[in-house]
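I opened the structure to see what could be looked up in it. These are my notes, in the order I made them.

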Amino acid sequence: MHKNKDGINIYDNEAYEGIKKACEVASKTLDMIVDHIEPGVTTEQLDKKCHDFILAHNSLPATLGYRGYPKSSCISLNHVVCHGIPSNKRLKNGDILNIDVTCILDGWYGDTSRMFTVGDISLKSKRLIEITYDALQLAIKSVIPGKTFGDLGAIIQEYVEKNKMSVVRDFCGHGIGSEFHQAPNVLHYGNRNSGPRLESGMCFTIEPMVNIGRPETKILSDSWTAVTRDKSLSAQFEHTVFVKKEGCEVLTQSLNNTFFPQGAKLHHNSV
Ligand code: MF3
Ligand code: CO
Ligand code: CO
């Protein structure tokens, strides 16, 4: 492992193997939680399930105690953009939520989040979830050595705004691997051909947050929960990706094909 000229870690194969294992536990945690999403369950109960699962897989939840954060996951409901703190609040029909977990395994970090739906959700919620998911997938397709981080931000922003939604500017993706958050900041907006160039051996998250309304957020008095200022709905998906010679490997792929929520599918025939 060494740093490139932009101060970004370039990982060797041993690091890759370690990060991949941590990512697998994170994605399996979310694969597990799908079956527990139902009306009446509290976000604290979901957090406990994540916590226990992570420990049972010889890992630690990176968020627990991180800068004073009190829980093992972030659970962000409806107009919560990110960093929602699990509580005694109960899920109800029509809710959409993001669950974000980061695992530490043998000192390596893996970070992923995805959307879940409760019962029947509105058409506008389905559209929001689909646009957010598509924006992430489009950016992932451009994770190729020689492209820039600005290219990734521009791709996400152009796609989201073309669909009349907005990209949150107040939070970003990040380098990851030997630490939770490291260089570079991975912005979900910006200009093509700007920022550091992608190189084989880099590892980072892409985690766009998309609002139906305006992009501005504010932090609640618990000093963590970020909400949309205009109370519009927000969605987010996050993958940890590892840059390879000719593209990238998504390290936080779902192993039971549940990354995109069944309840948000717009067309009956889509995969
Ligand atoms: N997992 C979040 C991320 O994607 C960070 C959560 S930090 C916490 O980077 F303290 F809010 F948990
Ligand atoms: Co992250
Ligand atoms: Co995360």
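**A first salt bridge**

I began with K20, which counts as partly exposed because its relative accessibility is 23%. The model I am reading is predicted. E249 is at 18% relative accessibility, so I wrote it down as buried; the cut-off for buried is under 20%.

I then looked at how K20 and E249 are related. They form a salt bridge, and the closest N and O atoms are 2.5 Å apart. K20 sits in helix α1 (residues 13–33) and E249 in strand β17 (residues 247–250), so this pair ties together parts that are 229 residues apart in sequence.

**Other salt bridges**

How many salt bridges are there by this rule? I noted a count of ten.

I looked up R114 next. R114 forms a salt bridge with D31, with 2.8 Å between the closest N and O atoms. R114 belongs to strand β7 (residues 108–117) and D31 to helix α1, so parts that are 83 residues apart in sequence are tied together by this pair. I checked the accessibility of the two residues: R114 is buried, and D31 is buried as well.

K48 and D52 gave me another salt bridge, in which the closest N and O atoms are 2.7 Å apart. Both residues are in helix α2 (residues 43–56), and because they are four residues apart there, about one helical turn separates them. K48 has 49% relative accessibility and therefore counts as partly exposed. D52, at 36%, also counts as partly exposed. I also noted a network: salt bridges that share partners join K20, K244 and E249.

**The cobalt ion (ligand 3)**

Which residues supply the protein donors of the cobalt ion (ligand 3)? I found D100 (OD), listed twice, together with D111 (OD) and E238 (OE), at 2.1 to 2.3 Å from the ion. Along the chain, the donors follow the spacing D-x10-D-x126-E.

I wanted to know why the arrangement around the cobalt ion (ligand 3) is called irregular. The six donor atoms subtend angles of 58 to 166°. Six donors count as octahedral if opposite donors are over 155 degrees apart and all others between 65 and 115. The 58° angle falls outside those ranges, so the arrangement is irregular. For comparison I wrote down that the ideal angles for six octahedral donors are 90 or 180 degrees.

I then checked what lies beside this ion. The cobalt ion (ligand 3) is 3.3 Å from the cobalt ion (ligand 2), and D111 coordinates both. D100 is in strand β6 (residues 96–105), while E238 is in the loop between β15 (234–236) and β16 (239–244), so the pair ties together parts that are 138 residues apart in sequence. D100 and E238 are both buried.

**The cobalt ion (ligand 2)**

I repeated the search for the cobalt ion (ligand 2). Its protein donors are D111 (OD), H174 (NE2), E207 (OE) and E238 (OE), lying 2.0 to 2.2 Å away. The donor residues have the sequence spacing D-x62-H-x32-E-x30-E. The six donor atoms around the cobalt ion (ligand 2) subtend angles of 52 to 160°, which makes this arrangement irregular. D111 lies in strand β7 and E207 in the loop between β11 (203–206) and β12 (209–211), and this pair links parts of the chain 96 residues apart. I recorded both D111 and E207 as buried.

**Helix packing**

I looked up two helix pairs. The axes of helix α3 (residues 123–141) and helix α4 (residues 149–162) come within 9 Å and cross at roughly 150°. Angles over 145 degrees count as roughly antiparallel, so that is how I described α3 and α4. Their crossing is right-handed.

For α1 and α2, the axes are 10 Å apart and the packing angle is about 140°. That angle makes α1 oblique to α2. The crossing of α1 and α2 is right-handed.

**A loop residue**

My last entry is on T63, in the loop between β3 (60–61) and β4 (74–77). Is T63 buried or exposed? At 6% relative accessibility, T63 counts as buried. I also looked up its distance from V25: T63 and V25 are 38 residues apart in sequence, and their C-alpha atoms are 15 Å apart in space.

Terms used
Residues are numbered from 1 along each chain as its sequence is written. Chains are lettered from A and ligands numbered from 1 in the order in which they are written. This is a predicted model: local features need pLDDT of at least 70, side-chain atom pairs count only at pLDDT 80 or more; totals for chains, interfaces and linings use all residues. Side-chain values use heavy atoms; hydrogens and water are left out. Donors are N, O and S atoms within 2.8 Å of the metal (3.2 Å for Na, K and Ca); water is not among the atoms, so sites may look incomplete. Four donors count as tetrahedral if all angles lie between 85 and 135 degrees; four count as square planar and six as octahedral if opposite donors are over 155 degrees apart and all others between 65 and 115; anything else is irregular. Buried means under 20% relative accessible area, exposed over 50%, partly exposed in between (1.4 Å probe, protein chains only). A salt bridge is a side-chain nitrogen of Lys or Arg within 4 Å of a carboxyl oxygen of Asp or Glu. Axes are lines fitted to C-alpha atoms, for helices over the stretch in contact, and angles run from 0 to 180 degrees between N-to-C directions. Angles under 35 degrees count as roughly parallel, over 145 as roughly antiparallel, 65 to 115 as roughly perpendicular and the rest as oblique. A crossing is left-handed if the near helix is turned anticlockwise from the far one by less than a right angle, and right-handed if clockwise.
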